[in-house]
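Dear colleague,

Please find below the structure that I am handing over to you, together with its sequence. My notes on it follow.

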Amino acid sequence: MPAHRSKSEKHEPAKQLRRDPYEVLSVSRNSTDQEIKSAYRRMALKYHPDKNANDPQASDMFKEVTFSYNILSDPDKRRQYDTAGFEAVEAESQELELDLSSLGAVNTMFAALFSKLGVPIKTTVSATVLEEALNGSVTVRSLPLGQPISRKVEKQCAHFYEVTVTEEEAQAGFVCRVQSSDKSKFKLLYFDKDVNGEGSGGLSLALQEDSAKTGKVTSAGMYFLCFPVYRLDQTVNSVTASKDPDAAFFKKLDGFQPCEITELKAGTHVFAVYGDNFFKSVSYTIEALCAEPFIEEKDNLRAVESEILTKRVELSKFEAEYREVLAQFTEMTNRYAQEMQEIDDLLKQRNEIHASYTAAPPIKRSSSRSRSKGTTKEEVKEDGEEREKRSTSRDRPKKKKWYNIHLKVDKRKPC
């Protein structure tokens, strides 16, 4: 397939053409999501900057691999690319996943600041952790069913657990959940046994679930219930939603996508908790459960997710209606303001015409300030004398009337 040229590249002929994402990841156009993800993980480990510090070609290849995966891992962007190439997926707005372990202290501080300000930042699992898992050099602890384990994992590190599932438990369904009471960020990971791995017992990352705030905790879970279970990716269309407030509502369910794995086979399975905080460790509790006692919960989950899918379809139709009505409302609002202005102008002209029917000289109106300045000195003087008279009359003692004269009488002398 020939490489597609974006708009910006048309204006920059010296810039290298982008290669077909399928070609970059060495996958076919009908590859499954899991095949694409496995190819990306394998190539990302191979070309990661931590392993190729002095190789600029490997660094460029890593960026190209990551860019290609960002397109093919998103169903909408993949469909848009298959239809119209790079121009349809708006290459300039692609979000890259950051490996925090490869960032310096300054860059990590900036990333943490942007995250606090609400800017969505996707983070990936450290290449060191993935390489150790692929080489089988990680410590794996046992996680019994129904027995929660509480621990603390350092930032950009992982704790690995293995769970043994019987045939009956696999048929009944299996759930693995992690939560953090201090609302820390973490990732819940599921690993496959890597058959083609270089080392014995190699583990290849198959699924990951980012933690999300649910009430007073952050939590993440994987549900293998033998029927399609959906996950909600909060970062999907986050950039578009920030530009258009209405899009935040209509695109809210776009990240509601089915998980790649719906059930586990009997045997031993490996999960991990990855510390995704910028600077501090993560306190967490992990537990593995057989879904057999949760029959009602399974039925409710299936019913609720079916309603969410129906609502997503309804939202798509409602958005078209809403945009149309909103455009009409905006048009009516603008016309309302225009009509009001025209009416005010006509009434003003009418009043001016009415006022023109007169032979008397126009009345000069002055402000209260000008009226106060136009007061003559004589008026001011008269006002002052009048106020002085009133104040003097109040201060002067009242004259006693003749019939109220007080006669002094000496009681000691007889009359």
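What is the order of the strands in the open sheet of five strands? The order is β2-β12-β4-β8-β7, and the pairing is antiparallel. Please bear in mind that this is a predicted model. Strands β2 (149-153) and β7 (212-214) form the edges of the sheet, each pairing on one side only. On average, and with direction ignored, neighbouring strands in this sheet are turned by 35 degrees against each other.

Within the sheet, I looked at one pair in detail. Seven bridges join β4 (residues 174-180) to β8 (residues 217-224), in the antiparallel sense. In this pairing, Gln179 stands opposite Ser219 of β8. As general background, the strands of a sheet pair through backbone hydrogen bonds, in either a parallel or an antiparallel manner.

The second element I wish to describe is helix α7, which spans residues 127-134. Its buried residues are Ala127, Val129, Leu130 and Ala133. Viewed down the axis of α7, the buried residues fall within an arc of 160 degrees, and they therefore line one face of the helix. The elements covering them include α3 (33-47) and the strands β3 (158-165), β5 (186-193), β6 (203-210) and β11 (267-275).

Both ends of α7 deserve a remark. At the N-terminal end, Ser126 acts as a cap, with a side-chain oxygen 3.2 Å from the backbone nitrogen of Thr128. Just after the helix, Gly136 adopts a positive phi of about 70 degrees.

With kind regards

Notes:
Residues numbered from 1 in each chain as written. Predicted model: local features only at pLDDT ≥ 70, side-chain atom pairs only at ≥ 80, totals over all residues. Heavy atoms only, no water. Buried < 20%, exposed > 50% of the residue type's maximum accessible area, 1.4 Å probe, protein only. Helix = DSSP H or I, 4+ residues; strand = E, 2+ residues; numbered from the N terminus. Arc of directions from axis to C-beta. Contact = heavy atoms within 4.5 Å. Polar contact = N/O pair within 3.5 Å; in protein donor to acceptor, adjacent residues only side chain to side chain. Pairing = 2+ DSSP bridges. Axes fitted to C-alpha atoms, helices over the stretch in contact; angles between N-to-C directions.
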